[in-house]
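Trainee: I would like to learn how to read a model like this one. Please take me through it step by step.

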Amino acid sequence: MARRGTQYVAFGLYYFVLMPADVSGYGEATSDVTAVPLNNSLWLCMMVAYCRERNITPILITTPSPVKWDMAKHNGLQAIADELGIDYVDLNLVHTDLGIDWDKDTFDAGDHLNVYGAVKVSRYVGEYLSRA
């Protein structure tokens with residue numbers, strides 16, 4: 001079996017190794033704001049306009065990721081959501097309510113969820129949308 005980074009290859013199949021996430025400092029409060037890049041903001045504005053023209057309610061959702069997310073990014077996204085008048089659901093703020101176990105629900109140390117984490121997020125988003 002040859003090792004390639006965090007995955008193993010055996011008999012032509014890929015096997016991913018579970019790598020727990022380091023969640024120290026995850027979700028620490030700050031008043032800092034990371035601005036959404038201009039190109040991303042423009043595309044978001046166009047998507048919101050597209051939805052509204054078709055009587056669709058847009059919702060901005062961030063999935064849990066202790067690697068790529070911090071409160072400054074949350075603050076930036078919340079500011080643009082407020083400016084556009086859309087709901088922003090940041091699942092990083094409710095990851096414990098989701099039941100995310102960072103030792104078992106990620107395969108790359110917290111950058112992405114694995115299937116078990118994705119099921120928990122999908123269930124929560126489905127319930128949120130059914131209430132909206």
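Trainee: What is the mean pLDDT of the protein?

Mentor: This is a predicted model, and its mean pLDDT is 87. Of its residues, 86% reach 70 or more. Over residues 1-5, however, the pLDDT is below 50. Beyond near neighbours in sequence, that stretch has 9 contacts in the model.

Trainee: How is empty space found, and what volume does the largest pocket have?

Mentor: A probe the size of a water molecule is rolled over the atoms, and this shows where empty space is left. Here the largest pocket has a volume of about 200 Å³. Its lining consists of 13 residues. Nearest the centre lie T62, K68, W69, K73 and L77. By type, the lining residues comprise 5 nonpolar, 6 polar and 2 charged.

Trainee: Is T62 buried or exposed?

Mentor: The cut-off for buried is under 20% relative accessible area. T62 has 15%, so T62 is buried. T62 belongs to strand 4, which covers residues 59-62.

Trainee: Which residues is T62 in contact with, leaving aside neighbours within four places in sequence?

Mentor: They are W69, L77, Y88, V89, D90, L91 and N92. W69 and L77 were also named among the residues nearest the pocket centre.

Trainee: Where is A118, and how is its accessibility read?

Mentor: A118 sits in helix 4, residues 115-131. Its relative accessibility is 34%, and partly exposed means between 20% and 50%, so A118 counts as partly exposed.

Trainee: How far apart are A118 and T63 in sequence and in space?

Mentor: In sequence, 55 residues separate A118 and T63; in space, C-alpha to C-alpha, they are 9.2 Å apart.

Definitions and conventions: Residues numbered from 1 in each chain as written. Predicted model: local features only at pLDDT ≥ 70, side-chain atom pairs only at ≥ 80, totals over all residues. Heavy atoms only, no water. Helix = DSSP H or I, 4+ residues; strand = E, 2+ residues; numbered from the N terminus. Buried < 20%, exposed > 50% of the residue type's maximum accessible area, 1.4 Å probe, protein only. Contact = heavy atoms within 4.5 Å. pLDDT = per-residue confidence, 0-100. 1 Å grid on protein atoms, 1.4 Å probe; cavity = no way out; pocket = protein on both sides within 12 Å on 5 of 7 lines; lining within 4 Å. Points joined across faces, edges and corners; volume = space filled by probe spheres on them. Nonpolar A, V, L, I, M, F, W, Y, C, P; charged D, E, K, R; others polar.
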